[in-house]
Amino acid sequence: MPKIALLPGDGIGKEVVREAVKILLAVGKRYNLDFVFEEGLIGGSAYDATSSPLPPKTIDLCLGADAVLLGAVGGPKWDDLPGNLRPEAGLLGIRKALGLYANLRPARVFPGLTGASPLKEKVVSGIDILVIRELTGGIYFGEPRGREKLVSGGTKAYDTMVYTTEEVRRIAELAFEIAAKRCGRVTSVDKANVLESSRLWREVVRQVHQRYPDVVLTEMYVDNCAMQLVRDPGQFDVILTTNLFGDILSDEAAMLTGSLGMLPSASLGGSVGLYEPVHGSAPDIAGENKANPLATILSAAMLLRYSLGLHQEAQAIEDAVEAALLAGYRTLDIAAGSCQVVSTSQMGDLVAGFIRQGSQPGKAGAL
Ligand code: IPM
Ligand code: MG
């Protein structure tokens, strides 16, 4: 019986994880699978209950599970806490504790949704980009970091962007492996015209590339990549990049798909994978049953595929999401034209319904 650790976290995290569980139960029913769910605390709600954004019990829970499904962390309530107690420290801590150095963020435009993108339909139609973000290195974790009072008055604050050969090698290898199974193109994104850590990144990526002659490697500076993503996103297959650049570019790539509420992610590399939507805790709409649960539902599909090897079941979720969209159902964030706006829980019910029916994409009834 696969054991899934649930870390709903803060804000809309709780609502969207609830819908993903609904979907996993529907999949379980259809394919005769029994999932065991166990819930743990992370982020601000963990801080409120235990004075730590990542209680040791949560780490143990995750290490003892087959996979982890996480909602989101953060909110204004905890904004004034010191860095190491903030909800975000819980998320960074669990990524590090589980050794999740590879973050996969697929940005794909669903057929029913090209109209929801802020870009022209002809620019975004058919895009299918995978951002592979290095997740446990770079400026997020580099030492030294801190603050010092200056004798001359004022304060200095600093972070360190650091990469080792080994950290770049393992993520580059994964990117080439995955690209070889997709369209065979990797764009490695850095700032090698300015940053020393990016120059090492480039060198190592080139070395690793020699072992993958069938994959085409392009190198791009991050500022140019930010521009190319809106100018001509169709040129990208796999984007391989550092922790900080990947954080920024994946939000941008998400928006091409219509909403941040559509983008799932998988964090891999350790013994247990972690799956979470790319969006945050959206405190402004938390508790209102308005959030889009599809990114978390699609993260659950990635969980089935990457951690449990359940490919058919993962596909069933993706097909059901596509069917719900093609039938015209939308949460507020992706509402456009003559669609039917539904709540978080209604969207969960609809997708679960399409899973039960075994719907094929494109075969769902129109509204
Ligand atoms: C993300 C988020 C996190 C990050 C925050 C919440 C710490 O923005 O997963 O993209 O910066 O990695
Ligand atoms: Mg982010």
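Which domains give at least three residues each to the lining of the largest pocket? The views below come from a predicted model.

**View 1. The largest pocket draws on two domains.** Domain 1 (1-103 + 260-367) and domain 2 (118-256) each supply at least three lining residues. The space inside is about 570 Å³. The lining holds 23 residues, and the closest to the pocket centre are Pro106, Arg182, Arg305, Tyr306 and Glu318. Two or more lining residues come from each of β4 (102-108), β5, α6 (165-181), α10 and α11 (311-326).

**View 2. The lining of the largest pocket, sorted by class.** Count 14 nonpolar residues here. Seven more are charged, and two are polar.

**View 3. A cis peptide bond links Glu143 to Pro144.** Omega is about 0 degrees at this bond. Most peptide bonds are trans. Pro144 sits in the loop that runs between β5 (128-134) and β6 (146-149).

**View 4. Ser51 has a positive phi.** Most residues other than glycine have a negative phi. Ser51 is not a glycine, yet its phi is about 65 degrees. Find Ser51 in the loop between α2 (44-50) and α3 (56-63). Is Ser51 buried or exposed? Its relative accessible area is 51%, so Ser51 counts as exposed; the cut-off is over 50%.

**View 5. Asn289 also has a positive phi without being a glycine.** The angle is about 60 degrees. Asn289 lies in the loop between β12 (273-275) and α10 (294-306). With a relative accessible area of 33%, Asn289 is partly exposed.

Terms used: Residues numbered from 1 in each chain as written. Chains lettered and ligands numbered in written order. Predicted model: local features only at pLDDT ≥ 70, side-chain atom pairs only at ≥ 80, totals over all residues. Heavy atoms only, no water. Helix = DSSP H or I, 4+ residues; strand = E, 2+ residues; numbered from the N terminus. Buried < 20%, exposed > 50% of the residue type's maximum accessible area, 1.4 Å probe, protein only. 1 Å grid on protein atoms, 1.4 Å probe; cavity = no way out; pocket = protein on both sides within 12 Å on 5 of 7 lines; lining within 4 Å. Points joined across faces, edges and corners; volume = space filled by probe spheres on them. Nonpolar A, V, L, I, M, F, W, Y, C, P; charged D, E, K, R; others polar. Domains from an automatic or database assignment.
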